[in-house]
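Hi,

Here is the structure I said I would pass on. Have a look at it first, and my notes on what turned up follow below.

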Amino acid sequence: MGTILIENGTIVTLNDLEEIYSPGYVFIENDTIVDIASGEAPSQYLRADTVINANLMAVIPGLVNAHTHLFQTFIRGLADDKPLLDWLKTAIWPVAQVMTEEETYLAAMVGLIENLRGGATSVIDHQYIHADPRNDDGVCRAADETGIRFLLARGWADMDYHPALMETPERIVSETIRLRDRWQIAGNGRTRVEYGPLIPWGCSDETMSHTHEMSRNWCSGTHIHVAETKTEVDMNIALRGNRHIEWLAELGMLGPDMQLVHSVWLSDAEIDLIAKYKAIVVHCPVSNMYLASGVARVPEMLEKGITVALASDGPGSNNNQDMLAVLKTTALLHKVNSLNAMVLLPEDVLRMACRGGAAAFGLPDQIGSLQPGKKADIVLIDLDTPMAMPVHHVPSALIYNVSTRDVDTVIVDGRILMRDKSIVVVDEKTILAKARKVCDDLFTRAGIKVD
Ligand SMILES: [Zn+2]
């Protein structure tokens, strides 16, 4: 991998002091940031294997997309304008039960390239289609080939879910162990595997407790959709007599290793429980708006010290993987919802997307900010465009002005994956052509008519 110098850029460190160096430089050795400071780079760094001139660019920590379902890349646009449970029945489930490993791999490839193009260097994939168990391997293979940092939250349901997508507790455990054995150390440790119980109404108490105990022994986390819709919370009250977060607290599962995706329909007491146990909330504003699920109480959560990460959710409910659009939507949604223009500042949103994402990913000491000793996961964004100039305040431009088309360079683990707006690790056009080719057959097998 060697050495990389990024010089002359505006470095948005997101370190504890939230310093911005303009101009500044970053020096990378192999997979690690070894030096970062304001001003001109020392002359010895100019001998780096690669020197990148970041003049008129923002240099930021890679964004963390803390929740998606990459297989849904092929489903996007198929079931617009439906509430969650209808959307599952008409689009997601028919396709999910017939996808092959190759189709899942190609869907993941397209989805991961889209993530990179949007400035996301780390992705948590809540992957729950195992009609063919090799689908999980297909997704991990795609992650490995793109070079992105990847956390496979292996999804599962063992009760009351679609029969073709349910599994026995024995298979859930044996398959997750198999995937960890195969992928946990892949690509310099970039890929990791954890348990991803799908939804409270599809997961038994026994398997929840058992798998979470295993996760804690592995020092990894648990990833679950909770309180996405009011209907699902009411279902839990009817089934178990308590709300989602109360249920997780009773099972002893709340902690910094718990990733609570959505968390829209929470009571005051549940927000206090999340704060008390330092669990992480993963906020998916575009998906929550798309499915008309509701507005998560993010500003209140932040006020109580809760760590919030941001995510696109699956392309089936977004319909894209554009994290920069998620950042802007986060700011705007909470301003209008609270009728308070000060409720979230650009810095707050960046902190959620990077530091919050790093905590959700389980690597708060390794990613999420640009600091010596941290992994070199870095994104360069062009600010010299008609869409952004003149830039008065870089965090503001990053939230309100820039788009995926401005992402210039993406580095993960010290390796350049995208340079001058081109993906350099895989042949993007070939992947798109292959993906287009398999879709017709997939939709025919799923019995879905596409116009
Ligand atoms: Zn989801």
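Let me start with one residue: Tyr 161 is buried, at a relative accessible area of 8%. Keep in mind while you browse that this is a predicted model.

Aromatic rings

I went through the whole structure for aromatic pairs, and the search gave six. One of them joins Tyr 161 and Trp 201, a tilted pair with 5.4 Å centre to centre and 45° between the planes. The two residues are 40 apart in the chain: Tyr 161 is in the loop between β8 (149-156) and α4 (169-183), while Trp 201 belongs to the loop between β9 (191-197) and α6 (205-217). Trp 201 is buried too, with a relative accessible area of 10%; the cut-off for buried is under 20%, so both partners qualify.

Next is Tyr 195 with Trp 218, and this pair is stacked, 5.4 Å centre to centre with 10° between the planes. Here as well the pair links distant parts of the chain, 23 residues apart, with Tyr 195 in strand β9 and Trp 218 in the loop between α6 and β10 (222-226). How buried or exposed are the two partners? Tyr 195 is buried, with a relative accessible area of 0%, whereas Trp 218 is partly exposed at 24%.

Trp 218 has another neighbour: Arg 180 lies over its face, 4.0 Å from the ring centre. A second arginine does something along those lines, as the charged end of Arg 141 sits over the ring of Tyr 105, at 3.9 Å from the centre. There is also an aromatic cluster, made up of Tyr 25, Phe 27 and Tyr 45.

Helix α12

The other thing to look at is α12, which covers residues 323-338. From first C-alpha to last, its 16 residues reach 23 Å, close to the 22 Å expected at 1.5 Å a residue.

What happens at the ends of this helix? At the N-terminal end, Asp 322 acts as a cap, with a side-chain oxygen 3.0 Å from the backbone nitrogen of Leu 324. After the helix comes Leu 339, and its phi is positive, near 55°.

As for burial, the buried residues of α12 include Met 323, Leu 324, Val 326, Leu 327, Ala 331 and Leu 333. Thr 329, Thr 330, His 334 and Lys 335 are on that buried list as well.

Cheers

Definitions and conventions
Residues are numbered from 1 along each chain as its sequence is written. This is a predicted model: local features need pLDDT of at least 70, side-chain atom pairs count only at pLDDT 80 or more; totals for chains, interfaces and linings use all residues. Side-chain values use heavy atoms; hydrogens and water are left out. Rings of Phe, Tyr and Trp (its six-membered ring) pair if their centres lie within 6.5 Å; planes under 30 degrees apart count as stacked, over 60 as edge-to-face and the rest as tilted. Helices (H or I, at least four residues) and strands (E, at least two) are DSSP runs, numbered from the N terminus. Buried means under 20% relative accessible area, exposed over 50%, partly exposed in between (1.4 Å probe, protein chains only). A charge sits over a ring if NZ of Lys or CZ of Arg is within 6 Å of the ring centre and within 35 degrees of the ring normal. The expected span of a helix is 1.5 Å times one less than its number of residues. A polar contact is a pair of N or O atoms within 3.5 Å; within protein, one must be able to donate a hydrogen and the other to accept it, and residues adjacent in sequence count only if both atoms are side-chain atoms.
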